[in-house]
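Reader: I am new to this structure and would like to be led through it with care. Please show it to me before we begin.

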Amino acid sequence: MSETVHWSKMQERGTFLGMKILLLCYAILGRRGLSVILYPVIVYLYFTGGESKKASLNYLAKIAQRQGWSKRPGHRQGIKHFYTFAQSAFDKIDAWTGKITMDQVNYNYDAKFRRLLEEEQGAVFIGSHLGNLEVCRTLSVGKYKTRINVLVFTHHAVEFNKIMQKINANVNVNFIQVKDVGVDLAILLKQRVEAGEKVVIVGDRTSTTTPGRVVYADFLGQQAPFSQGPFILASLLECPVYYLFCLKDGDKYNLIFEHVADQLKFARKTRQAEIGELINQYAQRLEHFCLQYPYQWFNFFDFWQEDHKVERKK
């Protein structure tokens with residue numbers, strides 16, 4: 001068996017220059033024209049993708065088993081997965097340039113969330129790599145205008161969003177590159193939340209600095225590692241917590257906010273068990289939406305077999 005590698009050690013395919021070229025082609029050819037030209041590029045990237053290709057097929061095989069597909073997913077489904085990911089980059093551009101209108105977004109939330117927006121309360125949104133979180137920027141320009149702080153874990157994500165902010169500097173979204181969820185970050189985000197701002201962090205990536213701080217939960221039929229960090233951070237910020245999913249359905253986007261707690265509090269004696277219960281709940285909700293939108297989960301590494309070099313914490 002080959003040795004598994006933590007996702008953060010895998011080289012990202014693409015460069016800052018490549019992002020600029022993509023945007024230039026998008027501006028000249030438009031989304032439809034670029035989509036046609038991009039397809040053979042995606043096919044090439046898929047067949048030369050190595051671990052990314054294997055990870056995609058492994059994930060889709062788990063989806064197929066859960067959903068009872070008649071055939072095991074093959075290259076056609078894998079290429080579709082890669083191509084959907086490429087299309088999501090265009091969705092990001094459309095979101096930043098205002099091409100995704102409020103009419104295209106279906107907001108799903110409860111009365112508590114409406115009050116949170118009306119009263120300009122801070123909150124934590126725990127998202128994922130399912131769908132396109134960029135669409136949440138519509139909250140920053142809509143009726144309940146609010147600043148959104150998005151925690152990102154890769155340099156490329158920061159660079160991409162620097163380019164986007166040059167295109168539209170009026171979008172009230174702040175990207176913060178995270179290397180470690182430490183005291184300094186917690187203090188900064190606490191100030192932002194107290195000012196009524198929102199914080200977004202994904203729950204389906206393990207820490208780049210402390211990859212061993214995970215809880216294993218059942219996800220698509222197999223135990224997978226989920227980071228404790230987002231839930232610990234949410235408890236430190238002492239504010240309402242929601243799960244956030246943004247899923248594309250045709251030319252519409254379903255932006256879903258699911259209430260987790262008015263405030264996360266962990267008792268000292270049962271803290272680990274309570275965090276584990278929350279992570280299991282999050283994994284179940286992520287699985288629920290992955291089964292509905294299987295090609296929109298964009299984690300192209302072996303999510304189940306990552307090497308964390310620690311004993312499993314259950």
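**Surface, burial and one helix**

Author: The accessible surface of the protein comes to about 15,500 Å², of which 52% belongs to carbon and sulfur atoms; such areas come from the Shrake-Rupley method with a 1.4 Å probe, and for residues only the protein chains shown count as cover. This is a predicted model, in which local features need pLDDT of at least 70 and side-chain atom pairs count only at pLDDT 80 or more, while totals for chains, interfaces and linings use all residues. Residues are numbered from 1 along each chain as its sequence is written, and side-chain values use heavy atoms, with hydrogens and water left out.

Reader: What share of the residues of the protein counts as buried?

Author: Buried means under 20% relative accessible area, exposed over 50%, and partly exposed in between, with a 1.4 Å probe and protein chains only. Of the 314 residues of the protein, the share that counts as buried is 54%.

Reader: Why is helix α7 largely enclosed by the rest of the structure?

Author: Helices (H or I, at least four residues) and strands (E, at least two) are DSSP runs, numbered from the N terminus. Helix α7 covers residues 229–237, and among its buried residues are Phe231, Ile232 and Leu233. The helix is largely enclosed because the number of buried residues, out of nine, is eight.

Reader: How many disulfides does the count come to?

Author: A disulfide is a pair of cysteine sulfur atoms within 2.5 Å. Cys246 counts as buried at 1% relative accessibility, and Cys290 counts as buried at 0%. By the distance rule, the count of disulfides comes to zero.
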